[in-house]
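Let's take a walk through this one together. Have the viewer open and follow along.

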Amino acid sequence: MPSPKSPDSPIPTVSFVSLGCSKNTVDSERMLGLLAQEGYAIVPDAQPADLVVVNTCGFIDAARRESIGVIEELLERKRAGQVKGVIVAGCLAERQREGLLEQFPEVDHVVGVFGREEIARVADRLIGGLKEQREVFRPAPVQAQDDRARLRITPRHLTYLKVSEGCDRACTFCAIPFMRGKHVTKPIEMVVAEAEELANDGVRELVLVAQDMTYYGLDLYGRPRLAELLRELDRVEGLDWIRILYCYPQYFTDELYESLAGSKKIVPYLDMPLQHINDRLLKRMNRRHTRAETEAIIGRLRETIPNLVLRTTFIVGFPGETEAEFDELVEFVEATRFERLGAFTYSLEPDTPAAKLTGHLPADVIESRRDRLMAAQQPIAFAFNQGMVGKTLDVMIDSPSTEGRNLWIGRTYADAPDVDGVVHLRGGPYYPGEIVPAEIVDTDGYDLIARASESEPPQSRKARPRPRKRPGPSSLVVLDDI
Ligand code: SF4
């Protein structure tokens, strides 16, 4: 049999399914980049392919069930002869290890989170006819991995950049450190080089992600250095918006408040997952912040950053959460008026300390608390949107709308991609990645309705977008339908 790389061989094809969070998206893009560099043709996942890779999520029960459902579908396609080999990668692979091969003996290879750099070697073995089932698990690296040379699956103008990997906290409900290892900071110069590469490739909005954003620098430099990183990124040519996600409510230094307030490109939007607000429950969760400390951070953020949009997430139904403690959370949400909020129902993760706590609550109680919390939040979010009506804001165009000509889907600074609402904008023609001033004329639930504003200067941003040429073809292939 000719080698998969010999000129006589047909080009091997691979399709890819990326599940889970934005950090997993970066890993998927890196694996796709490695496969493309090694000569694999990437095909949409519904098409026949030599191989299919699924990058799984193992975060909570619902995510695991989704990953398992996809693995079952892919094995069905293998039985039907539509794909020859199935590779399972990512967090679920890492978390279940050998158990996954026992559960799915027809899976060809399992590649753990830190085996991602070996994905092309694994694919080559499979294409080359080495069929024995194999696993690639590697220890978490002590230095940051290079995430450059990615083949991006997000729209060209928008991307995620991991500034660190892993987490040094030990929140009792969370299995992420088991899968992603200890916190490893990506050095400032490496993050900046990656941001420059992405900007050169047409990225206009850079979304910074980490498990614990404010911890950035502590392991590598002995002190938090997020503020300095942000100042450096603020200078990267070509970027218009920088958005920061997943800030643990600790290490908000004076310097960080200054960087957030004084930057040109960092949008006034912060995602700060709080998990709960009751001090007894925060302790049971092994969170290292109290209600008073959290309120002080929020107060100073609101004072320092005009028009700040705060997003948070809470866990409801944590073991031992009393009705009174849940009521305290609802009252806190009503008083604090987060512009964006998500609620997770507590998910029992067998290998975590919280699994052994007393006071696990019935599923119906947990679900009804989630519904009550979201019902309390909804009028706050709708009122915030209503307050936007009549304003002229910059809108980042994401795509044409499928609902008609000269209709566009975009977002203001107040909406992070995928998790928040969108703007339905009439005007144009535009192109994705263009920032246009738009007058907000109405709301539609969590979304906004807008029309192009020719006259008014934008209010929401600290810097005007520079006039740009329309982007040319990307140096990286964008596979929207993977
Ligand atoms: S800070 Fe976040 S990632 Fe780290 S252990 Fe806590 S919940 Fe998990």
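Arg 337 is partly exposed, because 14 other C-beta atoms lie within 10 Å, short of the 20 or more that would make it buried. Its phi is near 55°, a positive value in a residue other than glycine. You'll find Arg 337 in the loop between α13 (323-336) and β14 (340-345). Keep in mind that this is a predicted model.

Tyr 246 also has a positive phi, about 60°, and isn't a glycine either. This tyrosine sits in the loop between β11 (241-244) and α10 (254-262). Tyr 246 counts as buried, because it has 21 C-beta neighbours inside 10 Å.

Now for the ligand. The residues around it are Cys 167, Arg 169, Cys 171, Cys 174, Ile 176, Pro 177, Gln 211, Asp 212 and Tyr 248. Sorted by class, that shell has 6 nonpolar, 1 polar and 2 charged residues.

Zoom out, and the domain assignment splits the chain into domain 1 (13-136), domain 2 (158-385) and domain 3 (389-452). Between the C-alpha centres of domain 1 and domain 3 there are 36 Å.

Next stop is strand β17 (residues 423-426), whose side chains alternate: Val 423 and Leu 425 point to one face and are buried, while His 424 and Arg 426 point to the other and are not. Strand β16 (residues 407-411) runs antiparallel to β17 and is joined to it by 4 bridges, with Ile 409 opposite His 424. Strand β19 (residues 447-452) pairs with β17 in the parallel sense, again over 4 bridges, and there Leu 448 is the bridge partner of Val 423.

Last, look at the loop between β17 and β18 (435-444), where Pro 429 sits. The peptide bond from Gly 428 to Pro 429 is cis, with omega near 10°.

Key. Residues numbered from 1 in each chain as written. Predicted model: local features only at pLDDT ≥ 70, side-chain atom pairs only at ≥ 80, totals over all residues. Domains from an automatic or database assignment. Near = placed C-beta within 6 Å. Nonpolar A, V, L, I, M, F, W, Y, C, P; charged D, E, K, R; others polar. Buried ≥ 20, exposed ≤ 12 C-beta atoms within 10 Å, placed from the backbone. Helix = DSSP H or I, 4+ residues; strand = E, 2+ residues; numbered from the N terminus. Pairing = 2+ DSSP bridges.
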